[in-house]
Amino acid sequence: MPGRLDNLFAPFEGTRDPRPLAIVRVAFFLGLLVHFAPSLIWLDIGYGRGAVRVDAWNHWLFAHLWKVPPGVLRAMALVTLAALVAGIAGIRPLVTRIAAIVAFGGCYAFASFNCIHLQTLALIPAWAILWLFAICGGNPRSRLLAGLILFQVLLGVEFSGIEKLLAGWPWSNEMATVLGYPHGFLVRDWVAALPVLHGPVASHLFTWSTLAVELGAPVLLLVRRTRVAALVVYELFFLGIIAMLEVPPLFYFIFASAPLLALGDDQVATAERWVRARVLRRPSS
Amino acid sequence: MRRAFIVTWIALGLAGALDHTIADKLLGRTFDLRLPHLMYGYVMFNDNSRRVPVITYARADGERHEAAELDPRPAFGYARARVAIDALFTPVYLRDLCNRNLVDKDDAITIFVDGYDLDVSRDHPAITNKVTCDARPAR
């Protein structure tokens, strides 16, 4: 029984190659910085007295933060930005942990103060990942941190597929609606302009491939034999989303980077050799 | 202790996911799990409206521009979507955007909300609403 339990918890215990988690950390905090920096720099528009505001996260913060003096608010914004930069730098695990705690407090407070301009969907996994960095620390070798971030992101992808199933995607060809949006709403200009994407063949193809990737990839990424193929398909899928739809970069930074954590140490080493040989054209050291 | 944390985290994540899918379908309601990452489920384009707005604006010369240009804060790669979604969920947002961009007492801005109905046409709006603001004193 203890052996079985040990096997069950193995993905979350011990240490691993630090590079995938370092990539995920940089992508994640960079995504948050790109997402929050504009509203924290142009502070008055979203958080000044008289700003149009919407309550989406913490009602108490929504009701109380407008009373905070502008100087204190400016200081909060600067501290939040500094924490996000510290998270990218990842100087030491302890610094990353503190940066995650401060960044969570700051980003959550500002998102609660006014959720307009800060699209809600991209922030759902961000809160979880900030908590994980805060609780588990920033050690890039930590299997606990890597395993739980991977779980959190793949859970989001799997259940967005399940939500689509429950919403009737297999029978409704929902991508025909998305791909049919006019120039200026949600889709990028080239998607609105390309007639081949507006026909039933393309839209059915996109509907079914979306379901297949969202429902299949999170499972196949966990199986060693199918992992690399699933990772390639998964990455192409999220590249397709960011190339076709106007979604915040944070969405891409989180969802595209996290599956690298599924790679085993030997697969990371193989990938490194491949990149050195094919892309950098340097022999491995 | 570590294993208890792992089990708790995974159980909470699953509870949050099931809350917005199975519980919603079976029980007809969701439960407030309080934690921010469990509040909204994992919804990504599962139900897409076939009536959507495209928002532009014009000054006195009548030339149409993207309404996203009225917001000085950059939104890399999603500026138009940000304006459209904020306008959909917060109607007063467009009025605020309009007022903030008046540059002098003679300035006037008209924001056009072209409503497209995909069941009718994706090339021509089915309806157009206007939000107009100027800095002239009210009579």
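What follows is a dialogue on how terms apply to a predicted model.

Tutor: Residues are numbered from 1 along each chain as written, and chains are lettered from A, ligands numbered from 1, in written order. The model is predicted: local features need pLDDT of at least 70, side-chain atom pairs count only at pLDDT 80 or more, and totals for chains, interfaces and linings use all residues.

Student: What makes β2 (65-66) of chain B a strand?

Tutor: A strand is a DSSP run of E, at least two residues; a helix is a run of H or I, at least four; both are numbered from the N terminus. β2(B) covers 65-66, so the run meets the strand minimum of at least two.

Student: How do you know that β1 and β2 of chain B pair?

Tutor: Two strands pair if DSSP finds at least two bridges between them. Strand β1 (residues 51-58) and β2 of chain B have two bridges, antiparallel, so the pair meets the cut-off. B:T56 has B:E66 as its bridge partner in β2(B).

Student: How many bridges join β1(B) to β3(B)?

Tutor: Eight, and the strands run antiparallel. In β3(B), B:G115 is the partner of B:P53. β3(B) and β4(B) also pair over eight bridges in the antiparallel sense, with B:D114 facing its bridge partner B:T128 in β4(B).

Student: Why are β2 and β4 of chain B called edge strands?

Tutor: The open sheet has the order β2-β1-β3-β4 in chain B. β2 (65-66) and β4 (127-134) each pair on one side only.

Student: Which helices lie across strands of chain B?

Tutor: Helix α3 (residues 79-89) lies across β1 and β2 of chain B, at about 110° to β1(B). Helix α4 (residues 92-100) lies across β3 (108-117) and β4 of chain B, at about 40° to β4(B). Axes are lines fitted to C-alpha atoms, for helices over the stretch in contact; angles run from 0 to 180 degrees between N-to-C directions. Contact means C-beta atoms, placed from the backbone, within 7 Å.

Student: How do you know that chain B departs from a compact globule?

Tutor: The radius of gyration is taken over C-alpha atoms, and the globule rule is 2.2 Å times the number of residues to the power 0.38. For 139 residues a compact globule would be near 14 Å, but chain B has 22 Å. The C-alpha trace of chain B spans about 65 × 40 × 30 Å along its principal axes.

Student: Where are the domains of chain B?

Tutor: Domain 1 is 2-38 and domain 2 is 51-134. Their C-alpha centres lie 38 Å apart. The bounds come from an automatic or database domain assignment.

Definitions and conventions
Two residues are in contact if their C-beta atoms, placed from the backbone, lie within 7 Å.
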